[in-house]
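Me: Please take a close look at one part of this model, the open sheet. Walk me through the order, the pairing and the packing, then set that part in the context of the chain.

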Amino acid sequence: MPVGGRDYPRNWDQFLDWFPDEASCQQYLEHLRWPQGYFCPRCGEFNEPFRLSRNRLMCRGCRYQSTVTAGTVFEKTRTPLRTWFAAAWYVTNQKNGVSALGLQRVLGLGSYQTAWAIMHRLRRAMVRPDRELLHGIVEVDETFLGGPRRGTGRGRANTDRKQHQVPDDPRKAVVMIGVEMHQPKGFGRVRIRQVADKTKKSLLSFICDEVEPGSTVHTDGSLSYISLPDHGYQHHRTVQCGSEDPAHVTMPGVHRVASLLKRWLLGTHQGSVQSHQLDYYLDEFTFRFNRRSSRSRGLLFYRLLEQAVVTKPVTYRDIAGK
Ligand SMILES: [Zn+2]
């Protein structure tokens, strides 16, 4: 377990002490990326590299040249690492996160686009690919989100519609929510993902991808979930129809998470999320929610950078969806 003051700064004062310049940031990233020491991405050999100009590292064995940022979300960035670090600090220290405009202001960045691109790249690093599946008692339900707003879709609305194939309202995204339920009360971790449509296949694939077999999955009365036992799950079904209890009583976990999520999208991001980027916002929400009780914000900063150095680079085109 990483320790404050040793593995990450405890507060902003320490942050400033630890990262006075680019070299200190480089060194910190090296340690996060290669905790066992540098190893060459080409020949895989562990050795202390030659240090060349412009932060290049050269393998002593095969002479291959690399940098600590190559192959990570920081690849080819023209923004100083110090700015990235400050952004990561700020993003993880704000309970509800921050919009690109907010980030631009607080970091004093000249360009909104730079702030926007930093935010999106950090967001890509917010979910670990090897994360553990949900287990125990897990509530699962679907909800609907937004849809492109007039004036922000820039003609992309049609493509989005084709992607989602939602028959009733093509502008709404179908979003699946899974929440671990603690006994006697309280929530554990969540998983949230956009699925293609409301078909049985889509809904079940979310559960199979995100919930450990053997868990008890609690759903509403929808027939889509009826084959869950065939996939290795215990199924607890609550049929709403004819029941006196509204959704927030019978499915309190998903109901709560869905309303927090909607409020967050509207509040921090003014609801201006385009649907091709929705997945990454869902990841950010998940990152925050699953670490909501972490008392150390510095640890969140550490986790975010740790994931950033193992997250593949994304181009501006990828982010903008152009
Ligand atoms: Zn090598």
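Reply: What follows starts with the sheet, then turns to the metal site and some single residues.

The model is predicted. The chain has 12 helices and 8 strands. Of these strands, 5 form an open sheet. Their order is β6-β5-β4-β7-β8, and the pairing is mixed. Which strands stand at the edges? They are β6, residues 187-195, and β8, residues 234-238. Each has a single partner strand, so one side of each is left without a neighbour in the sheet. On average, neighbouring strands are turned by 25 degrees against each other, direction ignored.

Take the pairs in turn, beginning at the β6 edge. Strand β5 covers residues 173-181 and runs antiparallel to β6. The two are joined by 7 bridges. One residue pair fixes the register: M181 has F187 of β6 as its bridge partner. The loop between β5 and β6 holds P184. A cis peptide bond joins Q183 to P184, with omega at about 0 degrees.

Next comes β4. It runs antiparallel to β5, and 9 bridges join the two. Within this pairing, T143 stands opposite V175 of β5. On the other side, β4 runs parallel to β7. Here 3 bridges make the connection. E139 has H218 in β7 as its bridge partner. So how much of β4 is buried? The strand is mostly covered, with 7 of its 9 residues buried.

Now the helices that pack on the sheet. Helix α7, residues 200-210, touches β4 (137-145), β5, β6 and β7 (216-220). The direction of α7 makes about 135 degrees with that of β6. Helix α9, residues 252-267, also packs on the sheet. The strands touched by α9 are β4, β5 and β6. The direction of α9 makes about 40 degrees with that of β4. Strands β4, β5 and β6 thus appear in the contacts of α7 and in those of α9.

Past α9, the chain enters a loop that leads to α10 (278-290), and H269 lies there. Is H269 buried or exposed? H269 counts as buried because its relative accessibility is 5%, under the 20% cut-off. Leaving out residues up to four places away in sequence, H269 touches V98, S99, R123, W264, Y281 and E284. S99 is 170 residues away from H269 along the chain, yet their C-alpha atoms are separated by 5.9 Å.

Another loop residue gives a contrast in exposure. K312 is in the loop between α11 (297-308) and α12 (316-320). K312 is exposed, with a relative accessible area of 61%. Its contacts, again without residues up to four places away in sequence, are G71, T72 and V73. The C-alpha atoms of K312 and R124 are separated by 8.8 Å, while their positions lie 188 residues apart along the chain.

Then the metal site. A zinc ion is coordinated by the SG atoms of C40, C43, C59 and C62, at 2.3 Å. Why is the arrangement tetrahedral? The 4 donor atoms subtend angles of 104 to 116 degrees around the zinc ion, which makes it so. The donor residues follow the spacing C-x2-C-x15-C-x2-C in sequence. C43 sits in the loop between α2 (22-33) and β1 (50-51), and C59 in the loop between β2 (57-58) and β3 (65-66). This pair is 16 residues apart and links distant parts of the chain. The exposure of the two donors can be set side by side. C43 counts as partly exposed, at 38% relative accessibility. C59 counts as buried, at 0%.

Two backbone details are worth a check. R63 is not a glycine, but has a positive phi of about 70 degrees. R63 is in the loop between β2 and β3. K76 is not a glycine either, and has a positive phi of about 55 degrees. K76 is in the loop between β3 and α3 (81-93). With 74% relative accessibility, K76 counts as exposed.

Finally, the whole chain. Of its 322 residues, 48% count as buried. The accessible surface comes to about 16,800 Å², and carbon and sulfur atoms hold 50% of it. Among contacts between residues at least 6 apart in sequence, 62% join residues at least 24 apart.

Technical notes:
Residues are numbered from 1 along each chain as its sequence is written. This is a predicted model: local features need pLDDT of at least 70, side-chain atom pairs count only at pLDDT 80 or more; totals for chains, interfaces and linings use all residues. Side-chain values use heavy atoms; hydrogens and water are left out. Two strands pair if DSSP finds at least two bridges between them. Helices (H or I, at least four residues) and strands (E, at least two) are DSSP runs, numbered from the N terminus. Axes are lines fitted to C-alpha atoms, for helices over the stretch in contact, and angles run from 0 to 180 degrees between N-to-C directions. Contact means heavy atoms within 4.5 Å. Buried means under 20% relative accessible area, exposed over 50%, partly exposed in between (1.4 Å probe, protein chains only). Donors are N, O and S atoms within 2.8 Å of the metal (3.2 Å for Na, K and Ca); water is not among the atoms, so sites may look incomplete. Four donors count as tetrahedral if all angles lie between 85 and 135 degrees; four count as square planar and six as octahedral if opposite donors are over 155 degrees apart and all others between 65 and 115; anything else is irregular. Accessible areas come from the Shrake-Rupley method with a 1.4 Å probe; for residues, only the protein chains shown count as cover.
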